[in-house]
Amino acid sequence: MSSKIPGGLEDLLHRPLVGILATVTPDGSPDQTPMRFTWDGAHLRMSHTIPRRKFTSLQANPNYSFLLTDPDAPARRLEIRGWLVTVQGDEDGKFYAELDHLYGDTESAPPADTEDRVVLILDATRFVAK
């Protein structure tokens, strides 16, 4: 484990890949969800909604693990660990639309749940080459 991104794997954080976000639910069971994201060099940002289990899990226990696998070379894997830093509102769906554009979906309409939409900002403290 390292607080630096292992050599040769940083590209996984800058490509439009879907990773698996793992958290622990309030009852103690594991929960994994595929998530789109952006990376700013220190934080992962993901779109979510307040009523969903992933949001309530992170509120109860802010620790997470996020696994990225290179679809072109599945042996290249990167796990990011850290905790939820903060949550920002995204009631207009602007960040959700930014993710759509980044992931190649420029035609989709705003989601129906924009009034509950938030941006999860996750601190990345540990990186593990898998």
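Trainee: What makes the contact between Arg-76 and Asp-70 a salt bridge?

Mentor: In this predicted model, the side chains of Arg-76 and Asp-70 meet at 2.5 Å, N to O. The criterion is a side-chain nitrogen of Lys or Arg within 4 Å of a carboxyl oxygen of Asp or Glu, so the pair qualifies.

Trainee: Why is Asp-70 called buried?

Mentor: Its relative accessible area is 3%. Buried means under 20%, so Asp-70 falls in that class. Arg-76 has a relative accessible area of 23%; partly exposed lies between 20% and 50%, so Arg-76 is placed there.

Trainee: Which residues are linked with Asp-70 and Arg-76 in a network of salt bridges?

Mentor: Asp-11, Arg-15 and Asp-72 belong to that network as well. A search of the whole structure finds ten salt bridges.

Trainee: How do you know that Arg-81 and Glu-79 are classed apart in accessibility?

Mentor: Arg-81 has 28% relative accessibility and counts as partly exposed, whereas Glu-79, at 8%, counts as buried. The cut-off for buried is under 20%, so Glu-79 meets it and Arg-81 does not. Their side chains nevertheless meet in a salt bridge at 2.9 Å, N to O.

Trainee: Why is the pair of Asp-31 and Lys-54 said to tie together separate parts of the sequence?

Mentor: The closest N and O atoms of Asp-31 and Lys-54 are 3.1 Å apart, forming a salt bridge. Asp-31 lies in strand β2 and Lys-54 in helix α2, so the pair ties together parts that are 23 residues apart in sequence. Both Asp-31 and Lys-54 are buried.

Trainee: What makes Arg-117 a buried residue, and which side chain does the side chain of Arg-117 contact?

Mentor: Arg-117 has 4% relative accessibility; the limit is under 20%, so the residue counts as buried. Arg-117 lies in strand β7. Its side chain makes a polar contact with that of Ser-47 at 2.9 Å.

Trainee: Which element gives the most to the largest nonpolar core?

Mentor: The largest nonpolar core has 28 residues, and β7 gives the most to this core, with seven residues. Among the residues with the most contacts inside it are Leu-44, Phe-66 and Ile-80. Leaving aside neighbours within four places in sequence, Leu-44 is in contact with residues including Phe-66, Ile-80 and Leu-120.

Trainee: How do you know that β5 and β6 pair?

Mentor: Seven bridges join the two strands, which run antiparallel. At least two bridges are required, so β5 and β6 pair. In β6, the bridge partner of Phe-66 is Ile-80.

Methods:
Residues numbered from 1 in each chain as written. Predicted model: local features only at pLDDT ≥ 70, side-chain atom pairs only at ≥ 80, totals over all residues. Heavy atoms only, no water. Core = buried A, V, L, I, M, F, W, Y, C linked by side-chain atoms within 4.5 Å. Buried < 20%, exposed > 50% of the residue type's maximum accessible area, 1.4 Å probe, protein only. Helix = DSSP H or I, 4+ residues; strand = E, 2+ residues; numbered from the N terminus. Contact = heavy atoms within 4.5 Å. Polar contact = N/O pair within 3.5 Å; in protein donor to acceptor, adjacent residues only side chain to side chain.
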